[in-house]
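The following note sets out several points for a colleague who is examining the structure. Please read the points alongside the sequence and the coordinates.

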Amino acid sequence: MAALTPSRGLFSSSTSLNTPYTPSLAGSSLALNDAGYFALGGSRDRLAAAVARKKKFGSLGSLTAPGTRDLNVVGQLRFRCSIRQDSEVFCLKFSPTNNVLAVGLGDGTIQIISTQTADYPLLRVLPSPENLPCTTLCFRANGENFKTQNVLVAGYASGQIIHWHYTSGQKLHTIDENSEPDVESDTSAGTTPTGPRTVNTVTYRHDGLMFVSGGSDLCVRLYDGQTHQRLQKLSATPIGQPPLLAGHSSRIFAAKFHPTMQNLFITSGWDNTIQIWDTRQRTSVRCIYGPHICGESIDFSKLGDTIVSGSYRKADVLQVWDFASGALVETLPWSIADEKRVTSLYSTYYSPSSKYIVAGGGGLNNEVRMFSPTLKRPVAMVQSLPGCVYTTVMNAAEDTLVIGGGDKALHVCEVDVNGLTDFVY
């Protein structure tokens with residue numbers, strides 16, 4: 001088997017990926033390297049050199065990730081490596097230029113990893129504000145609207161939203177949504193939240209001039225992207241109280257701006273709805289009923305004409321909706337070989353060009369599947385993951401997929417556009 005050669009930098013390979021592959025530690029097919037992962041191929045000399053340089057990259061974790069020898073990778077994906085972490089992986093994002101990968105962990109820290117060299121260097125660790133999980137990440141767009149470039153926005157279970165300058169590690173601005181003057185008056189038409197607010201999702205508009213957050217108190221908050229001042233607080237009114245405003249009746253876990261209609265965005269969560277909002281109004285303008293969302297598991301297609309949703313339930317988990325009408329376009333079958341084999345989804349999105357739909361989760365089966373919207377079936381699968389999948393991310397070139405979750409590891413796979421094979425799913 002040909003060895004992987006990191007000739008094109010991190011998360012890339014020039015090898016041909018024409019056959020399904022299941023990693024094995026037998027023989028010399030896997031070699032430990034200096035960056036805290038094991039990878040295909042390599043000689044005893046490379047292994048010795050990797051161990052000799054381990055201290056340089058020791059902050060990336062131990063040399064192996066538990067359970068990765070049992071991964072089953074099928075179709076247009078090829079397993080590359082696994083990097084062990086000190087805590088569960090809750091969120092992942094590539095930067096707009098794809099030169100770094102941000103990793104949000106259960107201990108609240110954020111790892112900034114370079115994607116430019118084969119050494120997988122850990123550039124820095126952004127500290128945890130209160131030792132509570134980092135639940136969501138979003139890179140703000142660079143551009144002439146901002147004096148400071150290279151900004152990463154993180155939301156935390158503590159209720160904080162922090163803007164970081166990720167190239168220097170400097171904290172730029174902090175919003176504490178539990179310190180708002182009206183935080184104690186937050187109620188909704190549904191279940192009244194108890195305890196402090198947690199931030200479950202933060203997303204920026206594509207020009208960076210607005211961002212929204214959603215969390216445990218059933219409210220959507222709209223912010224100015226330059227001043228970070230809150231513009232609106234959107235929620236359903238309690239039953240029987242005027243004015244009657246539509247909104248969420250349970251926790252919110254996902255939000256996305258429309259790619260072309262800059263005033264529109266969507267949110268979703270536990271109340272089995274996708275709410276459609278207009279930034280010029282105080283209320284939800286439309287609603288799609290159906291998806292049960294427990295993670296960042298809704299997304300617009302590149303053109304904005306469809307929405308994909310990934311539900312955490314036992315049936316009809318992956319669905320596509322028409323944005324204009326709100327009608328269900330199709331439910332993509334998770335498995336045709338065994339209708340009872342379903343993964344409850346935490347992470348679902350379109351790839352940057354909408355060529356793929358990527359979905360992952362847990363429950364009975366910890367796995368990730370990469371679907372073709374055109375073929376209406378999966379073209380790749382990563383199965384037998386040792387922990388539940390909380391998050392996945394694909395880079396802009398659509399040649400790298402990174403998976404994170406409850407097993408305290410990053411699993412990196414490469415996409416082979418020429419490796420389409422038929423398989424039972």
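What percentage of the 425 residues of the protein chain count as buried?

1. Burial. The model under review is predicted. Of the 425 residues of its protein chain, 58% count as buried. The surface that the chain exposes is about 17,000 Å², and carbon and sulfur atoms supply 52% of that area.

2. Secondary structure and contacts. The protein chain contains 1 helix and 31 strands. Among contacts with a separation of 6 or more, 52% are accounted for by residues 24 or more positions apart.

3. Salt bridges in general. Side chains of opposite charge can pair when their charged atoms come close. With a cut-off of 4 Å between a side-chain nitrogen of Lys or Arg and a carboxyl oxygen of Asp or Glu, the count comes to 11 salt bridges. Three of these pairs are discussed below, together with one network.

4. Glu296 and Lys93. These two residues form a salt bridge in which the closest N and O atoms are 3.8 Å apart, a value that falls within the 4 Å limit. Glu296 lies in the loop between β20 (284-289) and β21 (298-300), whereas Lys93 belongs to strand β5 (residues 89-94), so the pair ties together parts that are 203 residues apart in sequence. Both side chains belong to residues of intermediate exposure: Glu296 is partly exposed, with a relative accessible area of 24%, and Lys93 is partly exposed, at 25%. Each is partly exposed because its value lies between the 20% limit for buried and the 50% limit for exposed residues.

5. Glu177 and Arg197. In this salt bridge the closest N and O atoms are 2.3 Å apart. Glu177 and Arg197 are both placed in the loop between β12 (170-176) and β13 (199-204), and they stand 20 residues apart. Is Glu177 buried or exposed, and what of Arg197? Glu177 is buried, as is Arg197.

6. Arg280 and Asp278, and a network. The side chains of Arg280 and Asp278 meet in a salt bridge with an N to O distance of 2.8 Å. Arg280 counts as exposed, at 61% relative accessibility, while Asp278, at 8%, counts as buried. Elsewhere, salt bridges with shared partners join Glu177, Arg197, Asp217 and Arg221 into one network. The pair of Glu177 and Arg197 treated in the preceding point thus appears within that network.

How values were computed:
Residues numbered from 1 in each chain as written. Predicted model: local features only at pLDDT ≥ 70, side-chain atom pairs only at ≥ 80, totals over all residues. Heavy atoms only, no water. Helix = DSSP H or I, 4+ residues; strand = E, 2+ residues; numbered from the N terminus. Buried < 20%, exposed > 50% of the residue type's maximum accessible area, 1.4 Å probe, protein only. Contact = heavy atoms within 4.5 Å. Areas by Shrake-Rupley, 256 points an atom, 1.4 Å probe, with all protein chains shown as cover.
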